[in-house]
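Student: Could you walk me through a structure and show me how to read its features?
Tutor: Gladly, let's look at it together.

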Amino acid sequence: MTHSLVCPETVSRVSSVLNRNTRQFGKKHLFDQDEETCWNSDQGPSQWVILEFPQRICVSQLQIQFQGGFSSRQGRLEGSQGSEALSKIVDFYPEDNNSLQISCLSLWVGWSVPLKAVPW
């Protein structure tokens, strides 16, 4: 059984917000469990989300959901320990649909800050 590693102490940052409209498209919608809302980035070659966890984490799955027609063709999960530079953990290839997509990682990720999903 899986559970979300995101908790109230998790700090999130995003590359951009569509038209700087944080009320309608801001990062608060990343984890609000509301299918009617979403984070929406501005256009650009690389959009990203950074999550800084308050403790070391073990990641077994990456679950991501895009709006159909607005999916990245390729993404990269990166991580670091403390203040080290981010390094690649795994590339992933999401489908361009509204389905919840799950990538099983089967690896230990002992990073505390930050963990970054980078579509590229």
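We go from the overall layout to the salt bridges.

Tutor: Keep in mind that this is a predicted model.

Student: What secondary structure does the chain have, and in which pattern does it follow along the sequence?

Tutor: The chain has one helix and seven strands. Their order along the sequence is β-α-β-β-β-β-β-β.

Student: How many of the contacts come from residues 24 or more positions apart?

Tutor: Among contacts with a separation of 6 or more, such pairs account for 69%. As for burial, 35% of the 120 residues are buried.

Student: Why can side chains pair in a salt bridge?

Tutor: Side chains of opposite charge can pair when their charged atoms come close. This structure holds four salt bridges. One of them joins Arg-13 and Glu-52, at 3.0 Å from N to O. Arg-13 sits in strand β1 and Glu-52 in strand β2, 39 residues apart. Arg-13 is partly exposed at 38% relative accessible area, and Glu-52 is partly exposed at 23%.

Student: Which side chains does Asp-91 meet in a salt bridge?

Tutor: Asp-91 meets Arg-76 at 3.2 Å, N to O. Asp-91 belongs to strand β5 and Arg-76 to strand β4, so this pair ties together parts 15 residues apart in sequence. Asp-91 also meets Lys-88, again with 3.2 Å from N to O. Through shared partners, Arg-76, Glu-78, Lys-88 and Asp-91 form one network of salt bridges.

Student: Is Asp-91 buried or exposed?

Tutor: Asp-91 is buried, because its relative accessible area is 19% and the cut-off is under 20%. Arg-76, at 22%, is partly exposed, and so is Lys-88, at 48%.

Technical notes
Residues numbered from 1 in each chain as written. Predicted model: local features only at pLDDT ≥ 70, side-chain atom pairs only at ≥ 80, totals over all residues. Heavy atoms only, no water. Helix = DSSP H or I, 4+ residues; strand = E, 2+ residues; numbered from the N terminus. Buried < 20%, exposed > 50% of the residue type's maximum accessible area, 1.4 Å probe, protein only. Contact = heavy atoms within 4.5 Å.
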